[in-house]
Amino acid sequence: MSDPLDVLDALTASRPALTADEIDAAAKRIADVIDPTPLQRSERLSKLTGANVYLKREDLSAVRSYKLRGAYNLVVQLTERERAAGVVAASAGNHAQGVAFACQAMGIKGRIYVPTTTPKQKRDRIRVHGGEFVELIAVGETYDAAAAAAAADVERTGATMVPPFDDTRTAAGQGTIAAEILEQLPTTPDLVIVPVGGGGCLAGIGTYLRARSPRTAILGVEPAGAASMTAALVAGGPVTLPEIDPFVDGAAVRRVGAVPYAAVSGFGGRVVSHASLPLLTTTESPRGAGTFQMMQVDEGAICTTMLDLYQSEGIIAEPAGALTTTALAEITVEPGSTVVCLVSGGNNDVSRYGEIIERSLVHSGLKHYFLVDFPQEPGALRRFLNEVLGPEDDITLFEYVKRNNRETGAALVGIELGAPDGLAPLLERMHHSPIQCERLEPDSPAYRYLT
């Protein structure tokens, strides 16, 4: 039997190239079902950067993400025979909701495969949007595992795959975001910042802007723990990352699609920020076109941005939805220029906010963990509090590593500082204290295991 993934790759390769005309056609197909999302000026980010910053609010769509556009554009084009056979999809959550919505809207049966790490909130919403027409199947810990299971289903049943990014029809639907931006803005955008997972959204938006607004610069943003498009551009083709950080679940993809890569690699450009990868050699963009660049942002910085968006704008962004505004804080933009940041989704499980706050504090240098070996004598803990902790420091976690024997062994102590510059004085006091203290570095195996 042939490899299901090879069969799907062959089908993908037979699709026509992605074009701005096809994106315009997609906009007409989805117009009766999908309302345009708002484009809102952010006073806070505009003041912070000196530019005119607009947020494209895909988190306010019917399924709280842009994924509905591509899914519906594909499904609505199926033949009667294909509709009767049903559809299959693999997704980390948002694409699944788009497919579920399309299935119920058109009365088509569908099976949707999601990773077991998909937040409960997203699973519940998939069931709501799909109703009786959709079966939800959780398999594997990553999108790629779910995709393999979905591909095997297609090979076995003859159903139609609805790819989340690696299909011209999907990418064209996602490219309708750019068409809306150009219609909604009072002026031509100088820079559009796009989140990148599998690459379909970047391919669609970039293709449209290259054709309809060639002076607009494009910045693609990936999570540092899943920089698959950057790896592909450096390698000269899609490559499979050996491991990824699944935290930014909407963009945690090991390998970008062939269709998106074909489009994105034609934009020209370079990688501008990633410590562990070489810079991609700058290439000439199409004549008269704005620049194209790729960069990555740290997951901790994404968490800080999520909290800022919630506290300042009242926007509930999922991790992938905060990629672009995180990048905005790390780049320099021309004062007075017009910048659009895509808020790609708002399907964030409220139960994740504890982890989000934790990652933000660690990234900001306010939260640190230590193994503290307290001597077994009266007053040891009091001495630590009085002699080691600063006046603005606080213990947020205290537990013995050996929980069945508190007479020996170190305690895991989490300390939140009053300010990031309080770390050096804290470490100095620990150095001079008779109490043995060992700092856990955030990237160390001990840190990941104990915290």
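This passage describes a helix pair, a four-stranded sheet with the helices lying across it, and the surroundings of one loop residue in a predicted model.

Two packed helices are described by the angle between their axes and the distance between the axes. For helix α6 (residues 94-106) and helix α7 (residues 120-130), the axes come within 7 Å and cross at roughly 15°. Because angles under 35 degrees count as roughly parallel, α6 is roughly parallel to α7. The crossing of these two helices is right-handed. On the α6 side, the contact is formed by Asn-94, Ala-96, Gln-97, Ala-100, Phe-101 and Gln-104. The residues of α7 that they meet are Lys-122, Arg-125, Ile-126, Val-128, His-129 and Gly-130. Classified by residue type, the contact of α6 with α7 comprises five nonpolar, five polar and two charged residues.

Further along the chain, an open sheet is made up of four strands in the order β13-β14-β12-β15, and the pairing is antiparallel. Its edge strands are β13 (394-400) and β15 (436-440), each of which pairs on one side only. On average, and with direction ignored, neighbouring strands of this sheet are turned by 25° against each other. Within the sheet, strand β12 (residues 367-373) pairs with strand β14 (residues 411-416) in the antiparallel sense, over six bridges. Val-372 stands opposite Ala-411 of β14.

Two helices lie across strands of this sheet. Helix α16 (residues 380-387) lies across β12, β13, β14 and β15, and runs at about 155° to β13. Helix α17 (residues 423-432) lies across β12, β14 and β15, and its direction is at about 5° to β12.

The loop between α15 (353-363) and β12 contains Ser-364. The relative accessible area of Ser-364 is 29%. This residue is therefore classed as partly exposed, since buried means under 20% and exposed over 50%. When residues up to four places away in sequence are not counted, Ser-364 touches Thr-304 and Pro-420. The C-alpha atom of Ser-364 is separated by 9.1 Å from that of Ala-419, a residue 55 residues apart from it along the chain.

Notes
Residues numbered from 1 in each chain as written. Predicted model: local features only at pLDDT ≥ 70, side-chain atom pairs only at ≥ 80, totals over all residues. Heavy atoms only, no water. Axes fitted to C-alpha atoms, helices over the stretch in contact; angles between N-to-C directions. Parallel < 35°, antiparallel > 145°, perpendicular 65-115°, else oblique. Left-handed = near helix turned anticlockwise from the far one by under 90°. Contact = heavy atoms within 4.5 Å. Nonpolar A, V, L, I, M, F, W, Y, C, P; charged D, E, K, R; others polar. Pairing = 2+ DSSP bridges. Buried < 20%, exposed > 50% of the residue type's maximum accessible area, 1.4 Å probe, protein only.
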